[in-house]
Amino acid sequence: MKKVFLLAACFYLAGCDLFTTREAEPPDAPRSDYQIAFTPEILISNLVNSLKDIDIENYLSCLSDSSFTDKIFTFSPSSEALSQFPALGDNWNKKNESQYINNLKIKIPDELPITLSLTNSSSSVHGDSITFVASYSLSTPFSDATIPANYQGELIFEMVRDSRFVWSIYFWRDIKGSNLPSWSELKGRFY
């Protein structure tokens, strides 16, 4: 009797497709391009992609975390922006950066990317840190025509490898480069 029951159970299980694979469901949200920044190049790529996707968590992950390094993130704005937005000079840190990027995201129409282009880049190694210098062009798709859409200048990143061997930006200096507003002015406007 046990053998008949076992045989019937096997046929039943085989008939209900219990052991066949199903098609994978597509994800609800697009996958992020974020990678753990084991190299400075990946860190820069993460920054560019986090802006393109307007992914706040990934953007903030590019900045140093005091849990893993003694380097505290700070930002030095362009002098022109500092004269317009004095709050930029009040020891701008990761918390300020978080508020700025959250406020910025609210003003960007859904599914439209922020485009960051870096050119003329160079870097120099200093032990466990790197100085990265580049010219930048930042395009923002605002629906409000009163807000400038394009920003240009030069950025200087001081990057460090933390206790996890992950690279992050601990110091960011912005320098206005043309007649267009600098990235600092964007930060000041949305702080």
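Strands β2 and β3 make a hairpin with 2 residues between them, and G127 in that turn carries a positive phi of about 70°. The model behind this is a predicted one, in which local features need pLDDT of at least 70 and side-chain atom pairs count only at pLDDT 80 or more, while totals for chains, interfaces and linings use all residues. Residues are numbered from 1 along each chain as its sequence is written, and side-chain values rest on heavy atoms, with hydrogens and water left out.

Back to the hairpin. β2 covers residues 115-126 and β3 covers residues 129-139, and the two run antiparallel over 10 bridges (strands pair if DSSP finds at least two bridges between them). T119 has its bridge partner in β3, namely S135. On to the next pairing: β3 and β4 are also antiparallel, over 11 bridges, and here S129 is matched with V160 in β4.

As for the whole chain, there are 6 helices and 5 strands, both taken as DSSP runs numbered from the N terminus (H or I and at least four residues for a helix, E and at least two for a strand). Along the sequence they come in the order α-α-α-β-α-α-β-β-β-β-α. Of the 191 residues, 36% are buried, where buried is under 20% relative accessible area, exposed is over 50% and partly exposed is in between, using a 1.4 Å probe and protein chains only. Take the contacts (heavy atoms within 4.5 Å) between residues at least 6 apart in sequence: 59% of them join residues at least 24 apart.

Helix α2 (residues 40-53) has 14 residues and should span 20 Å at 1.5 Å a residue; its end C-alpha atoms are 20 Å apart, which agrees. The expected span is 1.5 Å times one less than the number of residues. The buried residues of α2 include P40, I42, L43 and I44, as well as N46 and N49. Just past the helix, I54 has a positive phi of about 50°.

D162 is in the loop between β4 (150-161) and β5 (167-176). D162 counts as buried because its relative accessible area is 6%. Neighbours within four places in sequence aside, D162 touches F68 and T69.

Then there are the rings. The structure holds 8 aromatic pairs, meaning Phe, Tyr or Trp rings (the six-membered one for Trp) with centres within 6.5 Å; planes under 30 degrees apart are stacked, over 60 edge-to-face and the rest tilted. F142 and F190 form a stacked pair, at 5.3 Å centre to centre with 15° between the planes. This pair ties together distant parts of the chain, with F142 in the loop between β3 and β4 and F190 in the segment after α6 (183-189), 48 residues apart. Both F142 and F190 are buried.

F190 turns up again with Q99, a residue of helix α5 (residues 94-107). The C-alpha atoms of Q99 and F190 are separated by 8.1 Å, although the two are 91 residues apart along the chain. Leaving out neighbours within four places in sequence, Q99 contacts F190 and Y191. Q99 is partly exposed, at 37% relative accessible area.

Y191 belongs to one aromatic cluster with F75, W92, F132, Y136, F157, W172 and W183. K187 lies over two of those rings: its charged end is 3.7 Å from the centre of F75, and K187 is 3.4 Å from the ring centre of W172. Such a charge counts as over a ring if NZ of Lys or CZ of Arg is within 6 Å of the ring centre and within 35 degrees of the ring normal.
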